Amino acid sequence: MNGYSEAETVYTRRFSPQNCAPPAALAAPFQSLFPICFVPVTSCGNDSCEYLLSSGRFLGEKVWQPHSCMMHKYKISEAKNCLVDKHIAFIGDSRIRQLFYSFVKIINPQFKEEGNKHGNIPFEDKISSVKVDFLWHPEVNGSMKQCIKVWTEDSVAKPHVIVAGAATWSIKIHNGSNEALSQYKMNITSIAPLLEKLAKTSDVYWVLQDPVYEDLLSENRKMITNEKIDAYNEAAVSILNSSTRNSKSNVKMFSVSKLIAQETITESLDGLHLPESSRETSAMILMNVYCNKILKPVDGSCCQPRPPLTLIQKLAACFFTLSIIGYLIFYIIHRNTHRKNKPCTDLESGEEKKNIINTSVSPLEVLLQSFCKLGLIMAYFYMCDRANLFMKENKFYTHSTFFIPIIYILVLGVFYNENTKETKVLNREQTDEWKGWMQLVILIYHISGASTFLPVYMHIRVLVAAYLFQTGYGHFSYFWIKGDFGIHRVCQGAFEKIFSLWPLSKCFELKGNVYEWWFRWRLDRYVVFHGMLFAFIYLALQKRQVLSEGKGEPLFSNKISNFLLFISVVSFLTYSIWASSCKNKAECNELHPSVSVVQILAFILIRNIPGYARSVYSSFFAWFGKISLELFICQYHIWLAADTRGILVLIPGNPMLNIIVSTFIFVCVAHEISQITNDLAQIIIPKDNSSLLKRLACIAAFFCGLLILSSIQDKSRH
């Protein structure tokens, strides 16, 4: 393609929302903290819809990424649910007709592109009462004006959504003359007030003209140049935006299709009309603009308003604010006390007289300090996850984005190694190492969008956790609970009934169902029994003194050790090949719970049979293993977005720097939360049994109160 004119570049810069600054009151505190890397994180009018309608980029083939938010790919049922009893009207030329067809195919993929090309085309889905019409008006003239004017009358039912646009026919019929452009300006000036009036009660979108591929245009279309298209677009934008004097125009500019066309117009068959994949993207953008605020999909952050503060969030904010005030009071008192007890000089002897200072910190001060730090962290959680202050973008998987970080952390893990304090099978350093590298793999899997190999790592982790629970590490006991519920399962219906009961439903239901809980249980349903069996065999062998767990000694005799290592390596490689070549995820999920124990046991033997391997561990992985739970929980709120479907964007326009900065903050926060929870555990959980029971009762009452408040809030919403 021979490129675009200078006018195209000027237009993009002038009307792109990246040039819009956020409200000063909102931007000021963050700009003072990050003066160098600060860029606007909110669109004009604080509305991500404007970004969705006017900016974005291709992550890969047919994968469109809006500048600041996440697009949801609507299914047929979702589209019908959103558009029930709605009327959508497309009015314009053949390009608008293409957009109409792509939009209708989201609702009904079987709809054929048939009918009179130069006439009106109706569509209606009787089940959902969705009506979509295409009205043939290829020029902005009196005919189009009359059609729009009818909708402004009070007695006529107005479409809920109006999508309009035209220009190429005017350029073609009048051979690209300047007089035609002047007439276009006059006509759109007369239509602008009507569109503005409709925009008060309906969603009105004016579709700007896409560029053309001039080399492919037929002879009777050669006058349709990108320079002419730019001129018509600038006229439409300037007139429609100035149609209201004292406020912003309610007519929305649909200019994003221009950016899509710049990348895909070379695939056009005639140089004028976009390929099907491009217009499907534009139609999906329209669906997101209208439906996201109605259905509020988890992975569709575009056009969703900030959710209102809940009662629990307000109470939490008050609690943490009081904690911060209390800690500041303690800090001021402690500092004044320290000054009063500062060593003074004896004037006679010239020596310092040291006062005896009680440097011990009271438990109340530690408690307030922990809540103070936790409150600041929760405020950051809220800003990232709920306030829509920062951008969120979709993930795009490539092999390099997954395997390069995997290789990098593997090299670091091997480089940083130390001798273990003990050489028993699954010693504490080794299990911390396992938790660490598996958590890092899971994090890389989530941020890269990968979908293979994860079940292997997850089940190794779960089996190790189950084993640890049998040997006394009680913080992994939730795996036992998970398996225990599985034992008493009769059928999925009974399973759902149990976890749909209040208050269990508040903990396990997601959008009114327990599918996620059921799905996770099915994947891990045998791991507890495998862990119990492994623990029993291990303790039996240890009691009979079959195992040699000294430093540098092989776990069994040389012959048995070599045989088991050979079998383990073969089993490990066989399962890995099967997992990597799996084509049908559903079938693999069915087989995996039964056969994964072979792979896991093979890994355990490979890691522990050689004495030298059992005597060392990776301190790099072990460090992450000690905060693995915090990393796993925090990733959903301050690193990723939309339940791992997207990525939090702190620094727009630079993906690599954004990942580095957000990851650094994420790891620091997870480590700090680990320290906070340890401090709180020492204070809240006393060694005295009677005091422990009282505090546990208080904690139970506290959470019951939260459940009751949450239920009252849910009822008030409905």
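**Exercise 1. Disulfides**

By the sulfur distance rule, to how many disulfides does the count come? List the pairs and place each one in the fold of this predicted model.

*Solution.*

Step 1. Apply the cut-off: a pair of cysteine sulfur atoms within 2.5 Å is taken as a disulfide. The count by this rule comes to three disulfides.

Step 2. Take Cys49 and Cys303, whose sulfur atoms are 1.9 Å apart. This disulfide links distant parts of the chain, 254 residues apart. Cys49 sits in helix H3 (residues 48-54), and Cys303 in the loop between helix H11 (276-295) and helix H12 (311-340).

Step 3. Take Cys69 and Cys302, joined with an S to S distance of 1.9 Å. Here 233 residues separate the partners. Cys69 belongs to the loop between strand S2 (63-66) and helix H4 (76-82), while Cys302 belongs to the loop between H11 and H12. The angle about the S-S bond is 95°, and the link is right-handed.

Step 4. Take Cys82 and Cys291, with S to S at 2.0 Å. Cys82 is in helix H4 and Cys291 in helix H11, 209 residues apart. The angle about the S-S bond is -95°, and the link is left-handed.

**Exercise 2. Accessibility of the cysteines**

Which of Cys49, Cys303, Cys82, Cys291, Cys147 and Cys318 are buried, and which are partly exposed? Add the state of Cys69 and Cys302.

*Solution.*

Step 1. The cut-off for buried is a relative accessible area under 20%; partly exposed lies between that and 50%.

Step 2. Cys49 has a relative accessible area of 9%, so Cys49 is buried. Cys303 has 6%, and therefore counts as buried.

Step 3. Cys82 is at 2% and therefore counts as buried. Cys291 counts as buried because its relative accessibility is 0%.

Step 4. Cys69 and Cys302 are buried as well.

Step 5. Cys147, at 16%, counts as buried. Cys318 has a relative accessible area of 47%, so Cys318 is partly exposed.

**Exercise 3. The surroundings of Ser448**

Where does Ser448 lie, and is this residue buried or exposed? Describe what surrounds Ser448.

*Solution.*

Step 1. Ser448 lies in helix H15, which covers residues 428-448.

Step 2. The relative accessible area of Ser448 is 2%, so this residue is buried.

Step 3. A polar atom of the Ser448 side chain lies 3.5 Å from the backbone oxygen of Tyr445.

Step 4. Residues up to four places away in sequence are now left out. Under that condition, Ser448 touches Phe396, Tyr397, Thr401 and Phe402.

**Exercise 4. The sheet with strand S11**

In what order do the strands of the open sheet with S11 run, and which of them are the edge strands? Work out how S11 pairs and how its residues point.

*Solution.*

Step 1. The sheet has three strands in the order S11-S15-S14, with antiparallel pairing.

Step 2. S11 and strand S14 (640-641) are the edge strands, since each pairs on one side only.

Step 3. S11 pairs with strand S15 (residues 646-649) over four bridges, in the antiparallel sense. Within this pairing, Lys392 has Leu648 of S15 as its bridge partner.

Step 4. S11 covers residues 391-394. Met391 and Glu393 point one way, Lys392 and Asn394 the other way, and all are buried.

**Exercise 5. Nonpolar cores**

How many residues does the largest nonpolar core have, and which helix gives the most to this core? Describe the second core too.

*Solution.*

Step 1. The largest nonpolar core has 55 residues. Leu631, Cys634, Ile638 and Phe666 have the most contacts inside this core.

Step 2. H15 gives the most to this core, with nine residues.

Step 3. Apart from neighbours within four places in sequence, Cys634 is in contact with Phe381, Trp639, Phe666, Val669, Ala670 and Ile673.

Step 4. A separate, second core has 45 residues, including Cys82, Val132, Val207 and Met287. Cys82 of this core is also the disulfide partner of Cys291.

**Exercise 6. Confidence**

What is the average pLDDT of the protein, and over which residues does pLDDT stay under 50?

*Solution.*

Step 1. The average pLDDT is 82, and 82% of the residues score at least 70.

Step 2. Residues 1-46 stay under 50; the model has 68 contacts for them beyond four places in sequence.

Step 3. Residues 453-491 are also below 50, and this stretch has 77 contacts in the model beyond near neighbours in sequence.

Technical notes: Residues numbered from 1 in each chain as written. Predicted model: local features only at pLDDT ≥ 70, side-chain atom pairs only at ≥ 80, totals over all residues. Heavy atoms only, no water. Helix = DSSP H or I, 4+ residues; strand = E, 2+ residues; numbered from the N terminus. Buried < 20%, exposed > 50% of the residue type's maximum accessible area, 1.4 Å probe, protein only. Polar contact = N/O pair within 3.5 Å; in protein donor to acceptor, adjacent residues only side chain to side chain. Contact = heavy atoms within 4.5 Å. pLDDT = per-residue confidence, 0-100. Pairing = 2+ DSSP bridges. Core = buried A, V, L, I, M, F, W, Y, C linked by side-chain atoms within 4.5 Å.
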